[in-house]
Amino acid sequence: MNKQAQAVIMLLFGGAILKASLSDLYLRYVKEGLRPFLIGAGVLLVAAAVLTLWYDLRGKADAHGHDHEPKVGWLLLLPVLGLLLVAPPALGSYAAGQAGTVLTAPGTDSDYPALPAGDPVDVGLLDYASRAVFDGGRSLTGRSLRLTGFVTPGPDGQPMLARMVMSCCAADGRPIKVALSGDVPTAVPADTWIQVVGAWTDKTEQDPVNQAQVPYLEVRSWQEIPAPKQQYE
């Protein structure tokens, strides 16, 4: 590729990064705290592309030369245009089905404080699963709990509630899963975001992918909701 082609690809790639990081789109791929670094990277790429084009065009104007590089190099624009025009979604039910639940045993000195006052109380899936499995549900007993996640098929075909847990970026995302009993949303398609209100139950099952325990929630009511701005835990 000649320098002009390289500069155009850098310009489009930097533009794609800026487009994602200046909106909520970047939250599908990285943690919220990485936004300043993405903006900085996008600005640097755009600036480098503009300078490369300027120097190359100025040099050609002085030399009146001609380039004969193969034009097939411009095909590298296709994946960059894909980033600009088609935004891949956040990880969902397919990724959740391919990996075992992220629930792992805490340290021996782990303590689970009381949940905030007021029912129903919002509880994250990872927090609920940890309290249900490793604390024996002591801090959950007698409380009305509200959990938010997307629907994913369980090993028996019944719907489960799931959410992806991300440490840095989508590449390391793993699911946290909660099985459902009671008023189960059986007719809801996979990847639909729902909010369920229910109660702790001591029932658990094993995730067939990694043999980790998956707790149940006794569902009393549920409703479909739009996908939240922050889809990862």
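**Exercise 1. Confidence along the chain**

Determine in which elements of this predicted model the confidence is lowest and highest.

*Solution.* Helix α3 (residues 77-85) has the lowest confidence in the chain, with a mean of 67, whereas β2 has the highest, at 97. For the chain as a whole, the average pLDDT is 86, and 87% of the residues score at least 70. Where pLDDT is low, predicted coordinates should not be read in detail.

**Exercise 2. The surroundings of arginine 143**

Locate arginine 143 and decide whether the residue is buried or exposed.

*Solution.* First, the position: arginine 143 belongs to the loop between α5 (125-134) and β2 (145-153). Second, the accessibility: the relative accessible area of arginine 143 is 18%. Buried means under 20%, so arginine 143 is buried. Third, the neighbours: beyond four places in sequence, arginine 143 has contacts that include Leu115, Pro116, Gly118 and Gly198. With glycine 118 there is a specific atomic approach: a polar atom of the arginine 143 side chain is 3.1 Å from the backbone oxygen of glycine 118.

**Exercise 3. The surroundings of glycine 100**

State where glycine 100 lies and how far its C-alpha is from that of aspartate 207.

*Solution.* First, glycine 100 is found in the loop between α4 (93-98) and β1 (121-122). Second, glycine 100 and aspartate 207 are separated by 107 residues in sequence, yet their C-alpha atoms are 6.3 Å apart. Third, Asp207 is among the residues that glycine 100 touches, as are Arg174 and Asn210, when residues up to four places away in sequence are not counted. Finally, glycine 100 is buried, because its relative accessibility is 5%.

Notes. Residues numbered from 1 in each chain as written. Predicted model: local features only at pLDDT ≥ 70, side-chain atom pairs only at ≥ 80, totals over all residues. Heavy atoms only, no water. Helix = DSSP H or I, 4+ residues; strand = E, 2+ residues; numbered from the N terminus. Buried < 20%, exposed > 50% of the residue type's maximum accessible area, 1.4 Å probe, protein only. Polar contact = N/O pair within 3.5 Å; in protein donor to acceptor, adjacent residues only side chain to side chain. Contact = heavy atoms within 4.5 Å. pLDDT = per-residue confidence, 0-100.
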